[in-house]
Amino acid sequence: MPLPVDVPVGQLTLMRPADRSDKPHLPVRGDLAHIGLAGRYFVPHYAVPMPHMVKAAGTLRGAGKPDGAELRALAAGEVFDVLDIAGGWAWGQAGADMLVGYVEFAQLEPSA
């Protein structure tokens, strides 16, 4: 079964320092990045996004904690691509505008 993203093949090289000018929409942290960024960003781990649906209206936050900065509202049924799950929070990218942040994992359900 093919992966839902373009996975780099062959030797990967870094050409210059990473450009993080679009950080709010860039799914990369110091420890993890979207698999589509392999070869452009060097991190210890890359993840294939796992599409989930937002069960009920919720909030995309800047940190994985209840008092994390509110980035924007998430609508019920909106797609959220999960890249990491820890401590009851999912880190990933909202499908509507590709904004990166955290969502309480209990607010999500796997997409079919």
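Is Ala-94 buried or exposed, and what is its relative accessible area? In this predicted model, Ala-94 has a relative accessible area of 0%, and because buried means under 20% relative accessible area, Ala-94 is classed as buried. The residue lies in strand 7, and, when neighbours within four places in sequence are left aside, Ala-94 is in contact with Leu-60, Arg-72, Leu-74, Glu-78, Val-79, Phe-80 and Leu-99. One of these partners, Leu-74, is 20 residues away from Ala-94 in sequence, while the C-alpha atoms of the two residues are 8.1 Å apart in space.

The chain in which Ala-94 is set contains nine strands and zero helices, so that, read along the sequence, its pattern is β-β-β-β-β-β-β-β-β. Of the 112 residues in the chain, 36% are buried. Among contacts between residues at least 6 apart in sequence, 48% join residues that are at least 24 apart. The chain exposes about 6700 Å², of which 59% is supplied by carbon and sulfur atoms.

In soluble globular proteins, nonpolar side chains tend to be buried together. In the present model, the largest nonpolar core has ten residues, namely Val-54, Leu-60, Leu-74, Phe-80, Val-82, Ala-90, Ala-94, Leu-99, Val-103 and Leu-108. The elements that give two or more residues to this core are strand 6, spanning residues 79–86, and strand 7, spanning residues 89–94. Apart from this core lies another, of seven residues, which include Ala-47, Leu-83, Trp-89 and Val-100. Val-54, a member of the ten-residue core, touches Leu-74, Ala-75, Ala-76, Gly-77, Glu-78, Gln-107 and Leu-108 when residues up to four places away in sequence are not counted. Leu-74 and Glu-78 thus appear among the partners of Val-54 and also among those of Ala-94.

The surface of the model was also examined for pockets. The largest pocket holds about 180 Å³ of space, and its lining consists of Lys-23, Pro-24, Leu-26, Val-28, Arg-29, Arg-61, Gly-62, Leu-71, Trp-91, Val-100, Gly-101 and Tyr-102. Strand 8, which covers residues 100–104, provides the largest share of this lining, with three residues. By residue class, the lining of the largest pocket divides into seven nonpolar, two polar and three charged residues. Val-100, listed in the lining of this pocket, is also one of the residues of the seven-residue core.

Methods: Residues numbered from 1 in each chain as written. Predicted model: local features only at pLDDT ≥ 70, side-chain atom pairs only at ≥ 80, totals over all residues. Heavy atoms only, no water. Helix = DSSP H or I, 4+ residues; strand = E, 2+ residues; numbered from the N terminus. Buried < 20%, exposed > 50% of the residue type's maximum accessible area, 1.4 Å probe, protein only. Contact = heavy atoms within 4.5 Å. Areas by Shrake-Rupley, 256 points an atom, 1.4 Å probe, with all protein chains shown as cover. Core = buried A, V, L, I, M, F, W, Y, C linked by side-chain atoms within 4.5 Å. 1 Å grid on protein atoms, 1.4 Å probe; cavity = no way out; pocket = protein on both sides within 12 Å on 5 of 7 lines; lining within 4 Å. Points joined across faces, edges and corners; volume = space filled by probe spheres on them. Nonpolar A, V, L, I, M, F, W, Y, C, P; charged D, E, K, R; others polar.
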